[in-house]
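Trainee: I should be grateful for a close look at one part of this structure, starting from its charged side chains and proceeding to the packing around one of them. Please set out the reasoning at each step.

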Amino acid sequence: MIHSDAAVLGLLFVVLALIFHTASLKHPFWQKFYGIVPPLLLCYFVPGLLNTFGVISGEESKLYPVVSQYLLPACLVYFTLGMDFKAVMKLGPKALMVFLAGTLGVMVGGPVAVGLVKIINPEIVGGEGANAVWRGLATIAGSWIGGGANQTALKEVFQPSDRLFSQVIAVDVITAEIWMAVLIYGVGFSARIDQAFKADVSAIDELRHRLDSEQKASQRIFSLRDIVLIAAVGFGATGLSHLLADFIAPFIKTNYPSLEKLSLTSTFFWIVSIVTLIGILLSFTPLRKLEFAGASKIGSLFLYLLVATIGMKMDLFAVAENPGLFLVGIIWMSVHIIITLSVAKLVKAPFFFTAVGSQANIGGAASAPVVAAAFHASLAPVGVLLSILGYALGTYCGYLTGLMMQWVAS
């Protein structure tokens, strides 16, 4: 019905605005509704409904290529720019150990899940070419270590079909949201869990006061100069990454064609790798202060627009075609949980670090602060800090996980 990309873009922004507005309302209906249906899921599925029923056409629209090529790299810069390595280190070794255990759980869980399901029913994790299931599952690895931006980066690297991606999105979001609900429920029992783990929680109180003070001292109202600088950093890094990738990828393809099986001949792989590295390096410079002027909020806007443009390419009827993928998701998440909890118990980490460390991997910046704030509102920045670290690791670790799943599946 709607063929103009300008009209489609406007419609997507209206959809996002309605979702975020209703999610912020205190009305009992909306609170109950979003307690069951996460806003992120709607950002995928409402545009998916519009595409499925012919209101818009994700296949004909040129929005996704523009958003993924230009806004996604800038988004990665904004999310990694705010990383404060000193603050992350001050969380203590236990917080980092549990977080990295969660990352390891995702990296190990993916290949284990594929291997076990392959024994039960090889067709569930089979497929050829763009429909090879491991390609879609690799995008979940990016999401569960970093976030939506890393997921989309790996989607461009491994190129799963839109139909397959529709299926894995459902597995990703539903499985992750169930685990998040369990973690939030567990906050009420955190004292008992800490006692069982023999954890020392005194450092958390000190951390809460320090972060609260830092946030109040640094936050400011952004100016036009801030916005121009944020745009220059994001799109300058994006332009440089495109320039370098356009040289590196063809060079490898011509001289080392055997590396194509590792996706090293993919231009987009080099774009996201270079732009993430630039963001990490910039986090050590004074430009990191742009985070306090709203850099990550602009990144979030880009990310949700990206999510909506991905959603408009989805065929929701495809989700029911391979329900066995949910078994992969359950096994995968179980391995992550077992490894994370085992390391937490081994190092006697407080449940706060366990819950936030796990969610910083699985949910990223969208939900890790929510879990952290469930303990105390001023602890939300801990979730942000660990999530940013996840963004830095997500593309690289997700890429390696995808290669391992490819090996197991074949």
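Mentor: Arg225 has a relative accessible area of 59% and is therefore exposed, the cut-off being over 50%. This value, like those that follow, is computed from a predicted model. Arg225 forms a salt bridge with Asp226, and their closest N and O atoms are 3.9 Å apart. Asp226 is buried, because its relative accessible area is 3%, and buried means under 20%. This pair thus joins an exposed residue to a buried one.

A search of the whole structure finds 2 salt bridges. The other one leads to the part that I propose to examine closely: the side chains of Lys155 and Asp162 meet with an N to O distance of 3.8 Å. Lys155 counts as buried because its relative accessibility is 6%. Asp162, at 31%, counts as partly exposed, since that value lies between the limits of 20% and 50%. Side chains of opposite charge can pair when their charged atoms come close.

Lys155 also takes part in the packing of two helices, α7 and α8. Two packed helices are described by the angle between their axes and the distance between the axes. Helix α7 covers residues 133-145 and helix α8 residues 148-158; their axes come within 7 Å and cross at roughly 155°. The helices are therefore roughly antiparallel, because the angle is over 145 degrees. Their crossing is right-handed.

From α7, the residues in this contact are Trp134, Arg135, Ala138, Thr139, Ile140, Gly142 and Ser143; from α8, they are Asn150, Gln151, Leu154, Lys155 and Phe158. By class, the contact has 5 nonpolar, 5 polar and 2 charged residues.

Thr139 deserves separate attention. This residue lies in α7 and counts as buried because its relative accessibility is 0%. Leaving aside neighbours within four places in sequence, Thr139 is in contact with Gln151, Leu154 and Lys155, and also with Pro160, Phe165 and Val168. Lys155 accordingly appears twice in this account: as a contact of Thr139 and as the salt-bridge partner of Asp162.

As for the setting, the protein chain has 18 helices and 0 strands, and 55% of its 410 residues are buried. Among contacts between residues at least 6 apart in sequence, 84% join residues at least 24 apart.

Note on methods
Residues are numbered from 1 along each chain as its sequence is written. This is a predicted model: local features need pLDDT of at least 70, side-chain atom pairs count only at pLDDT 80 or more; totals for chains, interfaces and linings use all residues. Side-chain values use heavy atoms; hydrogens and water are left out. Axes are lines fitted to C-alpha atoms, for helices over the stretch in contact, and angles run from 0 to 180 degrees between N-to-C directions. Helices (H or I, at least four residues) and strands (E, at least two) are DSSP runs, numbered from the N terminus. Angles under 35 degrees count as roughly parallel, over 145 as roughly antiparallel, 65 to 115 as roughly perpendicular and the rest as oblique. A crossing is left-handed if the near helix is turned anticlockwise from the far one by less than a right angle, and right-handed if clockwise. Contact means heavy atoms within 4.5 Å. Ala, Val, Leu, Ile, Met, Phe, Trp, Tyr, Cys and Pro count as nonpolar, Asp, Glu, Lys and Arg as charged, and the others, Gly among them, as polar. A salt bridge is a side-chain nitrogen of Lys or Arg within 4 Å of a carboxyl oxygen of Asp or Glu. Buried means under 20% relative accessible area, exposed over 50%, partly exposed in between (1.4 Å probe, protein chains only).
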